[in-house]
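Grab a pencil and work through the exercises below with the model open beside you. Each task comes with a worked solution.

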Amino acid sequence: EVTGSIESADDIDLNFTSPGTLQQLSVGVGDEVVTGQRLAALLAGGVASQVADARAALDIAKSSLDQLLAGASSEDIDVTEEEVASARASYKAALDALVSLEETRDQELANLRAEALNTLNNKYFIAQYALDVVYDAIMDTTADNDLYVSDISLLSSAKVKYNATKNDYDTGVVGTLNLAQATGEYDDILIALDALETTLEGVNNLLVTTFEVMAVTVENTVYSSTVISAFKSSINTQISAINTAITTVQGDAASLRIRNLYYATSLVASQNSVDSALASLNLAEARLNLKKAPPRDFEIVTAEANVKRAQATLNRYLSNWSETVINAPVDGVITEVNFDVGEQTSAARSVISMIGVSDMQIEVDVPESDITKVKMGDEVEITLDAFSSDEKFVGTITFIDPAATIIDGVTYYR
């Protein structure tokens, strides 16, 4: 029979991994606690925020994976199909507008070309008639024989102008007019109009000079006062007709150029609208096809990896957070509290000490003469002073110290 004192098998000192400010202390000395009960916590606002963010990130990653696996909803597909239908209608409208604009352009420019050709034909003869009037006045045989002027240089200048203008008319106007009438093309008509305008301006200048010649003509039996007056009147009439012709030719050329430029610019804009509408249609159809298509393997792998990464991040922050909390590792009783709320804890000193109540042990000293009678695992009979000697408890030998202990000169084993 040996004696000893009963004590807890679990004397536990509890502390935080890293020192910090004690924010919460939930127990005091003598309090009984159960496994997992929260005993104390450090101030850890930053870590708590990280945990909240990580939880939210994990929820988002899981939701994205679920959404990917589920695919687009029927409502979503319906909306996208409506977008495709709308885009197709917009494309058709843009295409119809382009075709309509081209038809309008073709018709209007055809009308303008026809009007310009008509102008060319009419004003061509006006120029010819004006040249004939000048010829009769200063260039024909009668003029050569009977026209006398007080300013010979003016008459010479008029004749030079006539020859130059007549040459422009014959080589420039006639050739370009014939080509324009043969082709009916926009560029050929404009060239003919410009050539006719230049010639008409030359004719106008020639008529003015010829009128000046008539003003200095010396009257005789052939070039009487009446004849000279008739020539002046005819020349004035031709100047008026030529100026009107110039205005008409300029107007037709300007209209043709302006409307052609307008349609060229408008067609570019209209074509851009068609291209834009087609691009929108292609994009809408691509979106619809994408929503109808099942998720691809790499997309699933990526989404699952995002979930794992978010979970790992959360676990890391939870681990950091757990280091700011002390929970009871076993059922037991608090034996010591070394810090108050608001104090800075220390790595060298436990925050809380406790003993577990799940397992009790009795440490005894067995004489050397009796140690051979016991071995590990043997059951022993135990009586406690706090109970009647008739009440027996059963225990098990869990440890035998191989080293001897000398007490008062006697060898014992513990």
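**Exercise 1: a pocket and its lining**

Helix H1 gives the largest share of the lining of the second largest pocket, three residues. Keep in mind that this is a predicted model.

Task: work out which helices supply at least two residues each to that lining, and how the lining residues divide into nonpolar, polar and charged.

Solution, step by step:

1. Start with the space itself: the second largest pocket holds about 280 Å³.
2. Now go along the lining. Among its residues are Ser-64, Gln-67 and Leu-68, and further on you meet Leu-290 and Lys-291.
3. Match those to helices. H1 (45–70) and H6 (225–292) each supply at least two lining residues.
4. Pick up the rest of the lining: Gly-71, Ala-72, Ala-293, Pro-294, Pro-295, Arg-296 and Glu-299.
5. Sort by character. You should end up with six nonpolar, three polar and three charged residues; Gly counts as polar here.

**Exercise 2: a small sheet**

Task: find the strand order of the open sheet of three strands, and say which strands are at its edges.

Solution, step by step:

1. Trace the pairing: the order is S3-S5-S6, and the strands pair antiparallel.
2. Look for strands that pair on one side only. These are S3 (22–25) and S6 (325–327), the edge strands.
3. Check the twist, which averages 10° from one strand to the next.
4. Zoom in on S5 (residues 38–42), which pairs with S6 in the antiparallel sense over three bridges.
5. Finish with one bridge: Ala-41 has Val-325 in S6 as its partner.

Methods
Residues are numbered from 1 along each chain as its sequence is written. This is a predicted model: local features need pLDDT of at least 70, side-chain atom pairs count only at pLDDT 80 or more; totals for chains, interfaces and linings use all residues. Side-chain values use heavy atoms; hydrogens and water are left out. Two strands pair if DSSP finds at least two bridges between them. Helices (H or I, at least four residues) and strands (E, at least two) are DSSP runs, numbered from the N terminus. Axes are lines fitted to C-alpha atoms, for helices over the stretch in contact, and angles run from 0 to 180 degrees between N-to-C directions. On a 1 Å grid over the protein atoms alone, a cavity is a set of points where a 1.4 Å probe fits but cannot get out, and a pocket is an open set with protein on both sides within 12 Å along at least five of seven lines; lining residues have an atom within 4 Å of a point. Grid points are joined across faces, edges and corners, and a volume is the space filled by probe spheres set on the points.
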